[in-house]
Amino acid sequence: MGAQVEVYGIRHHGPGSARAVRRALEDFKPDAVLIEGPPEADPLIELAGDPGMVPPVALLAYAPGKAPVDDAEGSDRQAAFWPFAEFSPEWQAIRHALGTGVPVRFCDLPAAHQLVPSTPETAADTPDDNGPAGTSEPLDTGQPPHTGQPPDTGQPPDTSEPPDGGEPKLTAEQRIRLDPLGWLAKAAGYDDAERWWDDVVEHRDDGPSPFPAIAEAMAELREQLAALPGAEVTGALPSGYLRREEQREAYMRRTLRRTLKEGYERVAVVCGAWHVPALQAKVAASKDEQVLRGLSKTKVAMTWVPWTHGRLANRSGYGAGVRSPGWCHHLFAAPDRPIERWLTDAARVLREEDLHVSSAHVIEAVRLAEALAALRGRPLAGLDEVTEATRAVLCEGADLPVELIQRKMVVGERLGAVPERTPMVPLQRDLQAEQRRLRLKPSALDKEQDLDLRKPIDLERSHLLHRLRLLNVDWGVPAEGNGRTSKGTFRETWTLMWRPEFDVELIEASAWGTTVHGAASARAEAMAAQAETLAELTSVAERCLLADLGDALPKVMRSLADRAAVDTDVAHLMSALPSLVRALRYGDVRGTGTGPLQSVVDTLVVRICVGLPPAVAGLDDGAARELLGHVDAVHGGLALLGAHEHSERWRRTLRGLVDRQDLHGLLEGRLTRLLQDAGLLQDVPDRMARAVSVGTAPDRAASWIEGFLSGGGLILVHDEELLRLVDGWITGLGGDSFTDVLPLLRRTFGAYATAERRAIGERARRLGTAPAQGHRPDGDDDDLDLERAAPAVATARRILGWEA
C-alpha cells in the first residue's frame, strides 16, 4: 500500500476551520503533520505543548546581531510574526500532533528567504511587506475571509489611493488572486465573502468534511486563472508577487517529498486553501529545485512571543486578520448554544456597568437573532445578527452600550503568554525579572498606574518605565505634565499597555546591553554624543535623572557643560534651561544626585539675563512669538526652581526691558503681565491705556493685549479697570481695524477655558451697572478685616515668590 497524503485547505484564524481540522486529523490518524509556516521554527514547536504557552502567541523571526537604530522611523527593521490563536487551525493541528506524539514540522519557504531586504536586484525574490497590513500571500490583502498564512512584519498598512482618487482597477486575474473566496461567494449569490465563508465552513459543527469541496473550488479557480489571456496574467500585481508565490509552493512540495522519503506513509498537510491544488499537482522535483535555486537569504533567529487579539483583527491592518477575534474565540470555545452564551455574557458586561438587563432581555435577544438568521437564510446567527439583536433589545437602541460590548467582547482583547524556557535575549529576561520583582504585569488593555515616588517600589517602577522609554519601548506613556501638576512633585501617572512589537524593540535594544539599566545607560551616552543642540543635551540629562542612570550622567553632563560654554544663541540657552530646572527640582524628590547640574544652571541664568536685552531688538511677529515662548518657559522654570537670587536677576532683566521703545508689542504686553504678577508694577492700567490709545496702531495694540492676556484671562474678571480699558478699546475700533485685529483677539480669548470666557463675558455685560470701586461685587459693603487677613496674605505672597 502506497503513501497517503491529505491536504487540508484552511482559513487562518477560523473557528470552524480549526474544529474541522481537528476532526479530520482524528479520523485520518497521520504519522506526520506538515503546517504552513517557517521551518526555522521546527525546534520551537514542542513549546506549544507547554502549560505555560497560552495563545494568542506568535512566532517571531528576526535578524540577530543587527546594530541598534536610534531613529525608529528610519529603521529598516527585519522581523516578521506568524500569529496563532486558540481558534487557528494551525494551532489545533500542532496541539493534536503533540498530544498524539506525531512528528510535526513547518513547510513554508524559510524566513531566511522571506526577510531578505527588498532591493532592485532582489525585488523578484522578495514578498510584499504587508505585515499587519498584508502579506506575500495572494489571499491576505485585507479582503475577508483570508486563507493564506502571512508573516506579520509589524509595518503599517498601505493606505495609498489610486492616482485619480477612484476605486483601484483590478484585472480578473488580480481579483481571483487577491480574493478567491470573494469570487466564490459572488458565484454563490453572496455579496459578503466573509458571510459566505461563515455559512459554509465556520458555522458548521457536524456533517461531512469541508476540505474536499474547498480543494475542488480552489482547483477550479486556478484553472480559470490559467485560462486567462496572457496580457491579464501579467497584470499590475505587486513586484515579485508571482515569483514568491511560485517559490513558496515549490518549497512546500519539496518538504512533502522529503517527508515521504523518510518513510512516513500517512502525511497530513495544513495550509492556506489557495495552495491545495499546487500541493496536489504532479510537479517534477527538478522543476521545483530550479525554481528554488539561487534564492537570497539572511541570517534569522526564531522565538515565541505573546500576541493579542487586537492584533489578530483585520482592522489592525493584519492581512490574514479576522473581523472579530473575540467572536471567533467564543464560537470555538462554546460550540454548543453559542448565541445564548454570547448574549448572556453581553448582559453580564452591561450589568457590570450598572445598566439594567434582565433575563427576559436575553431571551428576547436570542429569539430576535435567530429570527434574523432565518430571514436571511443563514444556518446560524452570525455576529451581524447578534449585534443587531443586542442593540435593539439589550441596549434598547443606544449606541454607547453597543460600543462597550464591541470593545470588551467582539475584539475581546487578551494578551497571551509564553513559557519561561522560551528562547529570549538577555534583555528580555532581565525585563521579565524586573516586571515580576516590581509586580508590574503586562496587559493588552491600557491600565493607569499612579506612582507615589516617596515609596521605594513606586520609585523603582518609575525608573524602569523611564529606562524603557530611552530604549524606545513605550510600554508606559506618562500623563501630560507628569509629576508637575496638582498631584505634586512626588506623583507620576502612567498609562501602561503592552504591544507585541515591544519584543522586537527589546531584541534590537539588546545591542546596547544585557540589562535594562545597562542598555539605557549606553543608549543615553550615545544620544548625548549625537545631540546636535543644547536643548537635546538637556533633555538627555533630564531623562538620565528620571531613569536614575548615575553611570551615564557624568558623560552627559560633560557634553552639556562643553556645549553650553560655547553656545552664544540666547534662544538656545533659554530652550535648554527648563529641562535642567526640572531635573534639579525633581531629582531631589527621587533621591538622585544633581550637583553637576547646579553649576550649569547658574551659568545659564546669568548668560540668559545678559543676552536677552540685545536679542529682543527689532523682532518681527514670528520671531517675537517664538521668543515669547522662551520667556514664558524660563519664567516658569525659575519659579519652579525657587532660587531667590536667580529670580531677582530675572525680574530685574524684565524690568529693564519693559520700557524700551523698540520692544515688540507682544513682548511688551507679556513682560508687563509678568511684572504685575510679581508685584513690581503699580501703573499697569496706565500702561494698558497708552497701549490701546488712539495714537497706537490697532495691530500693535492687539499684540500688546494678546501678550498681556496670554497668561490667563482671570485678571479681567477681577480687575474691572483693565476690563473697561480693553472693552473701550475694542468698541472704539473702526470697521476695518476691527477686522484686522479680530484674528488676534480670537486666538487670545479662544485659548481660555469655557468657564473663563463666560465669566469675562458676564463681567463685560455688567460694566455699566457694576458696583462702585471698593465695594464687594456680592453686595456686602462690610470692610475687610485686614488684621485677620494678614496671615493668609503673607502665606500667599510667599507661595507666589513675593517678599512678605
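The legends below describe close-up views of one helix and of several salt bridges in a predicted model.

In this predicted model, local features need pLDDT of at least 70 and side-chain atom pairs count only at pLDDT 80 or more, while totals for chains, interfaces and linings use all residues. Residues are numbered from 1 along each chain as its sequence is written, and side-chain values use heavy atoms, with hydrogens and water left out.

**View 1. Helix 32, residues 735–750.** Helices are DSSP runs of H or I with at least four residues, numbered from the N terminus. Helix 32 has 16 residues, and its first and last C-alpha atoms lie 21 Å apart, close to the expected 22 Å; the expected span is 1.5 Å times one less than the number of residues. At V741 the helix bends by about 40°, the bend being the angle between axes fitted to the seven residues ending there and the seven starting there. A proline, P743, follows within four residues of V741.

**View 2. The buried residues of helix 32.** V741, L744, L745, T748 and F749 are buried (under 20% relative accessible area; exposed is over 50% and partly exposed is in between, with a 1.4 Å probe and protein chains only). Their cover includes helix 25 (621–641), helix 29 (698–709), helix 30 (714–718), helix 31 (720–731) and helix 33 (754–765).

**View 3. The salt bridge between R22 and E26.** A salt bridge is a side-chain nitrogen of Lys or Arg within 4 Å of a carboxyl oxygen of Asp or Glu, and the structure holds 39 of them. Between R22 and E26 the N to O distance is 3.9 Å. The two residues are four apart in helix 1 (residues 15–28), so about one helical turn separates them. R22 is partly exposed at 28% relative accessibility, and E26 is partly exposed at 40%.

**View 4. The salt bridge between R437 and E460.** The N to O distance in this pair is 2.7 Å. Because R437 belongs to helix 17 (residues 426–437) and E460 to helix 18 (residues 456–470), the pair ties together parts that are 23 residues apart in sequence. R437 is partly exposed, with 42% relative accessibility, as is E460, with 32%.

**View 5. The salt bridge between D659 and R655, and a network.** The side chains of D659 and R655 meet at 3.1 Å, N to O. D659 has a relative accessible area of 41% and counts as partly exposed; R655, at 32%, is also partly exposed. In addition, D450, D452, R454 and R491 are joined into one network by salt bridges that share partners.

Key:
Contact = heavy atoms within 4.5 Å.
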